[in-house]
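Here are a few exercises to work through with the model open beside you. Try each one before reading its solution.

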Amino acid sequence: MYFFKKSGIYLFIILIIVSIYTDLTSGSLLPPNNNSIPAKQTEPTNTRKFKVKKVKVRSGDTVLSIVEEINDLLPALDINQIFDDFQLINHTNPHKLIIGDYYYFPIYMIIP
């Protein structure tokens, strides 16, 4: 009987530790609070002005490095806009480029 009581206590402690670890690493199961600050409204991606350029991806290239290379005259570009436009053009995940494949990259135009 003493063995079962001791095993039960150890099992309970292990379950508590696993529960705390899971909660800290993956967050809460509660839905987000609807009274939070609203997200910043941005314009739809299809209203932006840009041309495209077909580029072969080399080892070490990223979407951002290629876009910076072909848009060297523009000031800082919005990273989210770049990823959205790339995904709109290519219909593929911008984080999973395949080396040696060709993709279309946006060339942004300065609009006064």
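**Exercise 1.** Is arginine 58 buried, partly exposed or exposed? Then work out the salt bridges around it.

*Solution.* Before starting, keep in mind that this is a predicted model, where local features need pLDDT of at least 70, side-chain atom pairs count only at pLDDT 80 or more, and totals for chains, interfaces and linings use all residues. Residues are numbered from 1 along each chain as its sequence is written, and side-chain values use heavy atoms, with hydrogens and water left out.

Step 1: arginine 58 has 49% relative accessibility, so it counts as partly exposed (buried is under 20% relative accessible area, exposed over 50%, partly exposed in between, with a 1.4 Å probe and protein chains only).

Step 2: look for its partners, taking a salt bridge as a side-chain nitrogen of Lys or Arg within 4 Å of a carboxyl oxygen of Asp or Glu. Aspartate 61 is one, with the closest N and O atoms 3.5 Å apart; this aspartate is buried, at 18% relative accessible area.

Step 3: glutamate 69 also makes a salt bridge with arginine 58, at 4.0 Å from N to O. Arginine 58 sits in the loop between β1 and α2 and glutamate 69 in helix α2, so the pair ties together parts eleven residues apart in sequence. Shared partners thus put Arg58, Asp61 and Glu69 in one network.

**Exercise 2.** Which residues of helix α2 are buried, and what do they pack against?

*Solution.* Step 1: find the helix, residues 63-70 (helices are DSSP runs of H or I, at least four residues; strands are runs of E, at least two; both are numbered from the N terminus).

Step 2: pick out Val63, Ile66, Val67 and Ile70, which are buried. Seen down the axis of α2, they fall within an arc of 100 degrees, so they line one face (the arc is that of the directions from the helix axis to the C-beta atoms).

Step 3: those buried residues pack against β1 (50-56), α3 (79-90) and β2 (102-108). On the face turned away are the exposed residues Glu68 and Glu69.

**Exercise 3.** Over which residues is the pLDDT below 50?

*Solution.* Step 1: begin with the mean pLDDT, 79, with 75% of residues at 70 or more (pLDDT is the predictor's confidence in each residue, from 0 to 100).

Step 2: the stretch is 34-46, and beyond near neighbours in sequence it has five contacts in the model (contact means heavy atoms within 4.5 Å). Where pLDDT is low, don't read the predicted coordinates in detail.
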